[in-house]
Amino acid sequence: MKLFVYHTPESVPPGSPDCAIVVDILRATTTIATALAAGAEFVQVFASLDELERVSNSYPIGSCLRSAERGGKKVEGYDLGNSPLDYSPDRVKGKGILLSTTNGTRALQRVSQAPQVLTAAFVNLGIITDFVRQHQPETLWIVGSGWEGSFSLEDTACAGALVEQLSSTYQPGNDEAVAAQALYLTWQDKLEGLFHQASHGQRLLKLQGETDLAYCAKVDLLRVVPRQQEPGILRASPFPGE
Ligand code: 3SL
């Protein structure tokens, strides 16, 4: 079985793997895991705000929260931004989350036709590797979200953690997978330090994002598998024993 790492949605080749795992550590996939673990019914992702607005009108009033981030900031007039710390049970339990972010939601759209699509972050890393080991997809793509088409350290480090944890069953299928694993092994004990060096980490620090960086660096905090149920809609997948 083989796994391939792609640093950005733009570098994903044509075709489709058996399973795609999208990573946007700062912060979309950390937020998605947190929202679903806090009891949100689903997270529906949108690349554009216009599409989010249009679809939000089709849901019963009060059933969904509209969440949007651009340039690291909450979009004015929306219920929530993209800080995972805002997705507490009292805010999101029982609600649908309609989410649009700069890069993470684009990455999800890029692989939405794969038969199985998951999202991963450090906060739910362990259960994602458990899920993959149990389902054993033949080909696995790990897709980083990057920042507007460029590589990002934090997404590649998480991709590398998945490569490392799955190394007994999956062979690296491209050089990016080997490089991601090496990056993770160098930084595994100082992930928050890595995020402080990363360009998007620095962008968030300028926006008072220090607590978000600390939260996004936590490993195995949540036992939740965000899994696409229909294109663009993620729900917490039942997992035996959880
Ligand atoms: O790019 C994205 O999808 C976001 O996660 C960016 S931010 O961390 O909310 O700024």
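This text goes through the ligand site of a predicted model and then the helix α1. Residues are numbered from 1 along each chain as its sequence is written. Because the model is predicted, local features need pLDDT of at least 70, side-chain atom pairs count only at pLDDT 80 or more, totals for chains, interfaces and linings use all residues, and side-chain values use heavy atoms, with hydrogens and water left out.

The ligand is surrounded by 14 residues (a heavy atom within 4 Å of it). The closest of them are R27, N82, T101, N103 and G104. By class, the shell holds four nonpolar, seven polar (Gly among them) and three charged residues (Asp, Glu, Lys and Arg count as charged).

Oxygen atoms of the ligand lie close to N or O atoms of the protein in several places. For R27, a backbone N or O atom is 2.7 Å from a ligand oxygen. In the side chain of D24, an N or O atom is 2.8 Å from an oxygen atom of the ligand. For E69, the distance from a polar side-chain atom to a ligand oxygen is 3.3 Å. The ligand exposes 290 Å² when taken alone, and the protein buries 100% of that (Shrake-Rupley method, 1.4 Å probe).

The space that the ligand takes is the largest cavity (points on a 1 Å grid over the protein atoms alone where a 1.4 Å probe fits but cannot get out).

Helix α1 covers residues 28-37. Nine of its ten residues are buried (under 20% relative accessible area, 1.4 Å probe, protein chains only), so the helix is largely enclosed by the rest of the structure. Among the buried residues are A28, T31, I32 and L36. After α1 comes G39, with a positive phi near 100°.

Conventions: A polar contact is a pair of N or O atoms within 3.5 Å; within protein, one must be able to donate a hydrogen and the other to accept it, and residues adjacent in sequence count only if both atoms are side-chain atoms. On a 1 Å grid over the protein atoms alone, a cavity is a set of points where a 1.4 Å probe fits but cannot get out, and a pocket is an open set with protein on both sides within 12 Å along at least five of seven lines; lining residues have an atom within 4 Å of a point. A molecule sits in a cavity or pocket if more than half of its atoms lie within 2 Å of its grid points. Buried means under 20% relative accessible area, exposed over 50%, partly exposed in between (1.4 Å probe, protein chains only). Helices (H or I, at least four residues) and strands (E, at least two) are DSSP runs, numbered from the N terminus.
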